Amino acid sequence: MKILMVGSECSPFVKSGGLADVLGSLPQALSKQGAEVRVVLPKYQEMSDEWKEQLTLLGAYRVRLGWRNQYAGIETLTCNGITFYFIDNEYYFKRSNLYGFGDEAERFVFFNRSIFEMLKIMDWIPDVIHCHDWQTGLIPLYLHTHYQNDPLFHKIKTVFTIHNLKYQGIFPASILHELMDLDHQVMHEDGIEFYGNVNFMKAALNYADKVTTVSKTYAKEIQTSYYGENLDGVLRKRSEKLTGVINGIDISAYDPATDNAIPFPYESCFNEKIKNKSMLQKELGLPIDESIPMVGIVSRLVEQKGFDLIARVIDEWVEQDNVQLVVLGTGDYSYESLFRSLQIRYPTKVVAVIEFKETLARRIYAASDLFLMPSRFEPCGIGQLLALRYLSAPIVRETGGLVDTVTSFNEQTEEGNGFSFKNYNAHDMLYTIRRALAIYQNKNKWLKLVENMANSNLSWDYAAETYLEIYQSTVG
Ligand code: GLC
């Protein structure tokens with residue numbers, strides 16, 4: 001089975017969020033199970049020179065977008081046994097950031113179309129193109145329009161994965177003609193039309209052979225109006241081809257027993273783990289005391305992640321409880337300044353590092369006892385999986401992938417690998433944090449919880465098997 005994965009970011013080359021982690025580790029898991037997987041991405045300026053130097057040019061061609069006729073180069077490298085292709089066009093991708101420009105539609109129309117033009121000059125045709133998020137949403141549509149009669153693409157099937165339904169790629173209908181070379185034949189309810197605009201995500205939902213999203217719970221949630229981002233109707237209509245497949249993490253790349261970023265590597269031993277806490281307290285200028293419970297947050301600082309709840313009860317919480325809160329991440333200005341000001345108000349209890357540093361992230365997972373992730377919605381979530389891997393008990397809201405990966409600890413049966421609360425309510429969260437802190441004081445119970453965390457299934461094996469079944473079902 002030959003699979004071409006297409007996405008707009010991928011670790012270790014370029015990353016803005018969880019999508020990059022998935023594209024950086026799923027291909028290897030699939031190839032371990034016998035699939036031949038290649039990955040294609042835009043060649044961004046942000047990629048480090050170390051990678052750029054390894055690229056070789058395979059060929060070049062032109063891509064048509066309305067009246068434009070744009071250059072595209074394909075460059076390639078191999079990393080961990082996987083072949084990666086990078087589509088080069090400096091006008092579109094040699095910029096200071098991955099996203100957020102005024103010509104986003106043009107950049108990604110170009111990227112989507114260049115995939116087909118690239119295949120024309122290669123002697124490798126995939127059985128399935130697996131597309132991820134709105135930036136690749138036009139590929140299934142193009143297969144049914146521009147490239148429909150090309151025998152080269154005749155047998156190709158498409159699978160589209162929703163990593164976050166909130167970001168859909170919505171643009172004015174004028175781009176249909178102006179950039180996409182399509183006419184109004186696709187501008188209807190079962191096509192690309194969305195309240196008079198065009199919607200790339202919707203195009204994928206309608207034209208892909210299979211649609212997946214990154215947890216079973218999110219697959220159900222997005223068919224309701226609360227989580228559906230105005231596409232719940234389309235998703236209900238397409239529910240037969242929609243499946244939820246939970247993400248894994250690369251358990252050898254994130255392994256507390258071998259992680260160079262942490263001062264005291266450990267297996268599943270709590271006494272070894274706790275030594276990492278005092279080191280981090282020292283590094284961050286917090287009072288050094290192993291008995292103080294440390295709560296970690298490693299996250300993009302955006303509304304989705306539930307920081308409103310924290311803002312609401314933080315004073316009540318940290319004024320009364322003997323805890324340390326360590327926050328790492330960047331994002332919306334309002335949340336960045338929220339955490340900065342908390343650090344100023346509570347210098348012995350709150351530390352906020354407003355940047356993203358991979359090695360510090362790992363030290364926080366290793367040092368913290370608890371990991372707070374009260375998301376308003378969460379398609380899958382990776383933070384809680386990493387926290388489980390490093391034996392930091394996740395406190396989560398019961399939504400999306402958080403439901404599917406964290407079960408709340410039950411003191412009677414001693415089952416459960418974390419803590420959770422149901423309603424998006426700040427005091428429900430605080431109550432749950434305090435329940436966790438109380439259990440932390442009961443060492444026997446805590447050790448049982450640690451054991452349960454260590455037994456959580458976090459690898460990619462299940463997801464890879466399931467994706468292979470999905471690919472197989474499309475090719476028949
Ligand atoms: C997005 C989602 C996150 C998910 C990730 C990878 O970033 O917000 O929940 O884990 O994609 O699928």
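**Note on the cavity, the ligand site and the backbone**

1. The largest cavity has a volume of about 40 Å³, in what is, it should be said at the outset, a predicted model. The count of cavities of 30 Å³ or more comes to one. Ten named residues need not be treated separately here, since the lining can be read by element and by class, as the next two points do.

2. The lining of the largest cavity is made up of Ile 297, Val 298, Ser 299, Lys 305, Phe 307, Phe 371, Leu 372, Met 373, Pro 374 and Ser 375. Two elements, β13 (294–298) and β16 (370–373), give two or more residues to this lining, and β16 gives the most, with three residues.

3. Which classes of residue make up the lining of the largest cavity? Seven of the lining residues are nonpolar, two are polar and one is charged.

4. Turning to the ligand, there are 14 residues around it, of which His 163, Asn 247, Glu 378, Cys 380 and Gly 381 come nearest. By class, the shell around the ligand divides into six nonpolar, six polar and two charged residues.

5. Oxygen atoms of the ligand are met by side-chain and backbone atoms of the protein: a polar side-chain atom of Glu 378 lies 2.5 Å from a ligand oxygen, a polar side-chain atom of Gln 304 lies 3.2 Å from a ligand oxygen, and a polar backbone atom of Cys 380 is 3.0 Å from a ligand oxygen. Taken alone, the ligand exposes 310 Å², and the protein buries 94% of that area.

6. Why can the ligand be said to lie between two domains? Domain 1 (2–248 + 461–475) and domain 2 (270–454) both give residues to the shell around the ligand, and it therefore lies between them.

7. Some backbone details deserve a check by eye. The peptide bond from Ser 11 to Pro 12 is cis, with omega near 5°, and Pro 12 is found in the loop between β1 (2–6) and α1 (18–32).

8. Positive phi values are also to be noted at residues that are not glycine. Asp 181 has a phi of about 55°, which is positive although this residue is not a glycine, and its place is in the loop between α6 (175–178) and β9 (193–194). Glu 414, likewise not a glycine, has a positive phi of about 60°, and Glu 414 lies in the loop between α16 (400–405) and β18 (419–421).

Key. Residues are numbered from 1 along each chain as its sequence is written. This is a predicted model: local features need pLDDT of at least 70, side-chain atom pairs count only at pLDDT 80 or more; totals for chains, interfaces and linings use all residues. Side-chain values use heavy atoms; hydrogens and water are left out. A residue is near a molecule or strand if one of its heavy atoms lies within 4 Å of it. A polar contact is a pair of N or O atoms within 3.5 Å; within protein, one must be able to donate a hydrogen and the other to accept it, and residues adjacent in sequence count only if both atoms are side-chain atoms. Accessible areas come from the Shrake-Rupley method with a 1.4 Å probe; for residues, only the protein chains shown count as cover. Ala, Val, Leu, Ile, Met, Phe, Trp, Tyr, Cys and Pro count as nonpolar, Asp, Glu, Lys and Arg as charged, and the others, Gly among them, as polar. Domain bounds come from an automatic or database domain assignment. On a 1 Å grid over the protein atoms alone, a cavity is a set of points where a 1.4 Å probe fits but cannot get out, and a pocket is an open set with protein on both sides within 12 Å along at least five of seven lines; lining residues have an atom within 4 Å of a point. Grid points are joined across faces, edges and corners, and a volume is the space filled by probe spheres set on the points. Helices (H or I, at least four residues) and strands (E, at least two) are DSSP runs, numbered from the N terminus.
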